[in-house]
Every structure is written in C-alpha cells, then in structure tokens.
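Let's take a walk through this structure together. Keep the sequence and the 3D view handy as you read.

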Amino acid sequence: MTSGDSRSVLLSVVSPMHNGSLYLEAFLQSVLRQSFSSFELIMVDDGSTDDSAQIIQNYQNKDSRIRLIRQTQKGAGSARNLGLSHAKGQYIIFLDCDDWFCKDFFKTMIDRIKKDRSDVAVCEFFIFDQKTTQTRRFRIAEEAESEIAGTNLIFDLLVPNPWTKLYRTDFLRQHKLSFQEITSCNDWSFAYASLACARKISVVREPLVYYRTQTDTSISSYRYKRTKDIVLAIKHLKEELKKRDLYSRYREGFARKSVSHLVYEAFAGRKWKGFYILFRNLLIVNDPAVYSAFLQKVFQYFLKRLGVS
C-alpha cells in the first residue's frame, strides 16, 4: 500500500464524479502514476448511481492517498467546493475524472509555482475527441511571455477551466473563492475571479492535460440545454469583481470574454434559434461594456466579410 501521510501532503487533487465509471480507471491510473507523489486525491461522489464509488473504494485498498467523500447530487461546483473545504495540501488542483495527464504534470506545475512564487500556475493542454480519436493542442498565445497578472490578458489569452490551473490553497481561502453551484459553466466565474485576484501568474508552455470531449459523461455534452447558465456565470463574475474593486480594471477583458462565450453557448448545437438565445441573454446580462464589445465584434465580422483589413 502506498503511504499517504497527511502531515507531508504538499498537493490536494480534487475531482468530482457523477456516474463517471467509464473513464474512471484511466483517470486514476494517470493520477496515481504521477512522478510527484506527495499528494492526496479527494474524490467527491456527487450522487453517482453507477459503480464509481466502488471503483474508488477498490483503489483505496491499494493506495491510502485516496479519500472518498459523498454527497447527494448537487453538481460539480458544489462537489469541488466540498473537496476544497477538506483539502490539506499547500497547493490544490481540480481535475475532471474523464481526463488523463502527462506523468510529470504535478511535478512541472509545482516546480514552476514554487520557483516563481506565484498564486496560480497555468499550463497548455491537448483536446482529445472521443468520437474521432483526434487530438489537437491548445496553445497559450505568445503575449503571455510578459506578466499577465493584473491585465486584461487573463481574459484574452486564458480559458476558464480549473484543470489546467494549480493554485496556492491559502490564496483561494484568503480571497474566499469558490465555484458557482449551477449545472453548467460552474467554473467560469471561479476561473476568472481567481486569475483577477492573483498577484502573480505562471504560464507553463507545455500541454500536460488530455481533455476528453464528445463523451456522454461531460457537462459540455449537454450544456446546450442550459443556455442561461452562462448568463448566471457572467453576472456572478461581475459581482465578484465589483466587490473586490476590480471591475473597472478588467472591464474590457471581461466584456470581450463574455461576448465570446455568450455567442458560443447560444449557437452550440443549434443554428437560427441561436440568434434568439444570444439576444435574449445579452438583454439579461444588461451590461454596457458587454454591449459595446458585442457591437465591436459584429463590426469586425462584417469588415472581415467585406475583405477590409
């Protein structure tokens, strides 16, 4: 049995799961075979009805670094918050149980965040299509070579997922950062609020995560049914920025990213109805900066169609 002395745990790995047994063993093997071993793996069972919990218990018998916490189904946001409340590590990362990771993922991220004395470290990732088995790389733009903390580049260059980001646990608790408890887009506000609060952000130019798409288990597979969740996420983030006196600093980047995701969520899985959903959601967001960014995006679109550079 692998030892897991909580007194020496440097990293907490939190993963929510709901009926994720199909890819769970691949996830567990990827995590447990990491070259960096001083971590605890907190699996939060969000009301699974399959054998996910039994799979975790079987692995617990072999590796004492694994902890299983159960709750009635409340969603991934609630599950991540519960895991955060139980975390003992100096650093924390939130992973999805249908993804897998490079062997040096933890080591590379921890080495970098410690070297830079950052609040957050962000890495690149691979996008794996489960249906076609094709893989493509998500790269962080070259502008991130300079310090991006405190600038609108956190919105322009980085994406709102928690599984490519390593955090100082005390940083999250000090700023009282938590996941929004909605069905879809529950990590959107958390990701950008944490980046906005960060004093220093480290960018790791290596793809260390394999993000699995086109599955029946991922939230993104049915998010087109939850078209108002992105509105809730945008409004929540605006409130988070305002109460920290950060909204004026990030207004433009916030607006551009909001428009980008409003468009994406409106047209995901649909065509003409997307226009109705987009304009409805824009009205609900009710933010002048977002309206301005939207008009700018439309203007740029027509210039491109006309061939005007």
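How do helix 9 and helix 11 lie to each other: roughly parallel or oblique? Keep in mind that this is a predicted model. The axes of helix 9 and helix 11 (residues 288-305) come within 8 Å and cross at roughly 55°. An angle under 35 degrees would count as roughly parallel and one from 65 to 115 as roughly perpendicular, so helix 9 and helix 11 are oblique to each other. If you care about handedness, helix 9 passes helix 11 in a right-handed crossing.

Now look at who touches whom. Helix 9 brings Tyr247, Arg251, Phe254, Ala255, Arg256, Ser258, Val259 and Leu262 to this meeting, and helix 11 answers with Ala289, Val290, Ala293, Phe294 and Lys297. Sorted by class, the residues of this contact are nine nonpolar, one polar and three charged.

Helix 9 has another partner. Helix 9 (residues 247-267) and helix 10 (residues 273-285) have axes that come within 8 Å and cross at roughly 140°. Antiparallel would take an angle over 145, which is why helix 9 counts as oblique to helix 10. This crossing is right-handed. On the helix 9 side you'll find Leu262, Val263, Ala266 and Phe267, while helix 10 offers Gly274, Phe275, Ile277, Leu278, Asn281, Leu282 and Val285. The class count here is nine nonpolar, two polar and no charged residues. Leu262 is worth a second look: it sits in the contact with helix 11 and also in the contact with helix 10.

Helix 10 meets helix 8 too. The axes of helix 8 (residues 229-243) and helix 10 come within 10 Å and cross at roughly 25°, and the two helices are therefore roughly parallel. Helix 8 passes helix 10 in a right-handed crossing. Ile230, Val231, Ile234 and Lys235 of helix 8 touch Asn281, Ile284 and Val285 of helix 10; by class, that makes five nonpolar, one polar and one charged.

Let's pause at Ile284, which has its place in helix 10. With a relative accessible area of 35%, Ile284 is partly exposed. Setting aside its neighbours within four places in sequence, Ile284 is in contact with Lys228, Val231 and Lys235. Phe101, on the other hand, is 183 residues from Ile284 in sequence and 38 Å away in space, C-alpha to C-alpha.

Next, hop over to helix 4 (residues 105-116). Its twelve residues reach 17 Å from first C-alpha to last, close to the 16 Å expected. Phe105, Phe106, Thr108, Met109, Ile110, Ile113 and Asp116 are its buried residues. In general, an α-helix has 3.6 residues a turn, so residues three or four places apart point the same way. Just past the end of helix 4, Arg117 takes a positive phi of about 55°.

That backbone angle deserves a closer look. Most residues other than glycine have a negative phi. Lys176 goes the other way, with phi near 55°, and so does Cys185, at about 60°. Lys176 lies in the loop between helix 6 (169-174) and helix 7 (188-197), and Cys185 is found in the loop between helix 6 and helix 7 as well. Are they buried or exposed? Lys176 has 70% relative accessibility and so counts as exposed, whereas Cys185, at 4%, counts as buried.

Key
Residues are numbered from 1 along each chain as its sequence is written. This is a predicted model: local features need pLDDT of at least 70, side-chain atom pairs count only at pLDDT 80 or more; totals for chains, interfaces and linings use all residues. Side-chain values use heavy atoms; hydrogens and water are left out. Helices (H or I, at least four residues) and strands (E, at least two) are DSSP runs, numbered from the N terminus. The expected span of a helix is 1.5 Å times one less than its number of residues. Buried means under 20% relative accessible area, exposed over 50%, partly exposed in between (1.4 Å probe, protein chains only). Axes are lines fitted to C-alpha atoms, for helices over the stretch in contact, and angles run from 0 to 180 degrees between N-to-C directions. A crossing is left-handed if the near helix is turned anticlockwise from the far one by less than a right angle, and right-handed if clockwise. Contact means heavy atoms within 4.5 Å. Ala, Val, Leu, Ile, Met, Phe, Trp, Tyr, Cys and Pro count as nonpolar, Asp, Glu, Lys and Arg as charged, and the others, Gly among them, as polar.
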